[in-house]
Amino acid sequence: MDLYIGRLLKKHGFRGMFYIPTLRHPIDGLDEDEIKTLAKDHDIGFHSYSHPSDLKDSKDIEMEVTKGKDKLEKLIGRKITSFCYPKGRYNEEVIEALKRHGYTEGRTVDVGKIENCFEPFRKPTTMHFRPDKKEWNGFEWLPMAKNLFLEAQMLEERGYFHAWGHASELNKFRIWREFDELLAFMEENL
């Protein structure tokens, strides 16, 4: 399913970021050849070794941010400098571990942000394409995403728009068509 997301992004002229947790990628359906295929057109970030439910409470933060990263880097042929906090849970100790191990940014799951000013290790998102997200207060995600994209384009210092989600969510909520519609809208309004 991630390969299909990659094809949709490429079709509309976008480069995506795919965060890979080392132990989980076979479960998510990505084998090594598929990861290499994604890496040809998209960026690859690291998403921890075991995808703990709360990284800041992990007994071994160092292991979670490093184990398997070198193997993934060898696989794709380039350094990985972006990390996505599993379930968005992190603290200063996690950020310091990332800095020690060559990361330049940490992605959160904070939504609704369009201003292009943020700390690199607290990098927010704009839209989680999940219809039941409580932050949407009952609004439909697709019109909201289109509006936020347009608002980001109108900011004086070119805004920021980062939509995210999981292929399994696109499947679960049957919103592949809407996701493609959002990408087409973004392509038309750049």
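This is a short walk through one helix, the salt bridges and the aromatic pairs of the structure above.

Okay, before anything else: what we have here is a predicted model. Keep that in mind as I go through the contacts.

Let's start with helix H2, which covers residues 32–41. Which of its residues are buried? Ile35, Leu38 and Ala39 are. If you look down the axis of H2, those buried residues fall within an arc of 100 degrees, so they line one face of the helix. Swing round to the other side of H2 and you find Asp33 and Lys40, both exposed.

And what sits on top of that buried face? The cover for the buried residues of H2 includes two helices, H1 (2–11) and H4 (69–76), and two strands, E1 (17–20) and E2 (43–46). One more detail, at the start of H2: Asp31 has a side-chain oxygen that comes within 3.1 Å of the backbone nitrogen of Asp33. That's the Asp33 I just mentioned on the exposed side.

Right, on to charges. Side chains of opposite charge can pair when their charged atoms come close. How many salt bridges does a search of the whole structure find? It finds 18. I'll pick out a few.

Take Arg100 and Glu62, whose closest N and O atoms are 2.1 Å apart. Arg100 belongs to helix H5 (residues 92–100) and Glu62 to helix H3 (residues 61–66), so this salt bridge ties together parts that are 38 residues apart in sequence. On accessibility, Arg100 is exposed at 53%, while Glu62 is partly exposed at 28%.

Next, Asp54 with Lys56: a salt bridge again, with 3.1 Å between the closest N and O atoms. Is Asp54 buried or exposed? Asp54 is buried, at 15% relative accessible area, and its partner Lys56 comes out as partly exposed at 31%.

Then there's Arg122 with Glu119, where the closest N and O atoms are 2.8 Å apart. Arg122 has 27% relative accessibility, which puts it in the partly exposed class, and Glu119 is partly exposed as well, with 47%.

Salt bridges also join up into a network here: Lys146, Arg177, Glu178 and Glu181 are linked that way.

Last topic, the rings. There are 10 aromatic pairs in the structure. One of them is Tyr85 with Tyr90, and that pair is stacked, at 4.2 Å centre to centre with 15 degrees between the planes. Tyr85 is buried, with a relative accessibility of 0%.

Now for another geometry. Phe149 and Phe161 have ring centres 5.3 Å apart and planes at 90 degrees, so that pair is edge-to-face. Where do these two sit? Phe149 is in helix H6 (residues 141–154), and Phe161 is in the loop between H6 and strand E6 (163–164). They are 12 residues apart, and the pair links distant parts of the chain. Phe149 and Phe161 are both buried.

Back to the tyrosines for a second. Tyr85 and Tyr90 belong to a cluster linked by ring pairs, together with Phe46, Phe83 and Tyr103. Tyr103 has a charged neighbour too: Lys69 lies over the face of its ring, 4.5 Å from the ring centre.

That's my tour, so over to you for questions.

Technical notes. Residues are numbered from 1 along each chain as its sequence is written. This is a predicted model: local features need pLDDT of at least 70, side-chain atom pairs count only at pLDDT 80 or more; totals for chains, interfaces and linings use all residues. Side-chain values use heavy atoms; hydrogens and water are left out. Buried means under 20% relative accessible area, exposed over 50%, partly exposed in between (1.4 Å probe, protein chains only). Helices (H or I, at least four residues) and strands (E, at least two) are DSSP runs, numbered from the N terminus. The arc is that of the directions from the helix axis to the C-beta atoms. Contact means heavy atoms within 4.5 Å. A polar contact is a pair of N or O atoms within 3.5 Å; within protein, one must be able to donate a hydrogen and the other to accept it, and residues adjacent in sequence count only if both atoms are side-chain atoms. A salt bridge is a side-chain nitrogen of Lys or Arg within 4 Å of a carboxyl oxygen of Asp or Glu. Rings of Phe, Tyr and Trp (its six-membered ring) pair if their centres lie within 6.5 Å; planes under 30 degrees apart count as stacked, over 60 as edge-to-face and the rest as tilted. A charge sits over a ring if NZ of Lys or CZ of Arg is within 6 Å of the ring centre and within 35 degrees of the ring normal.
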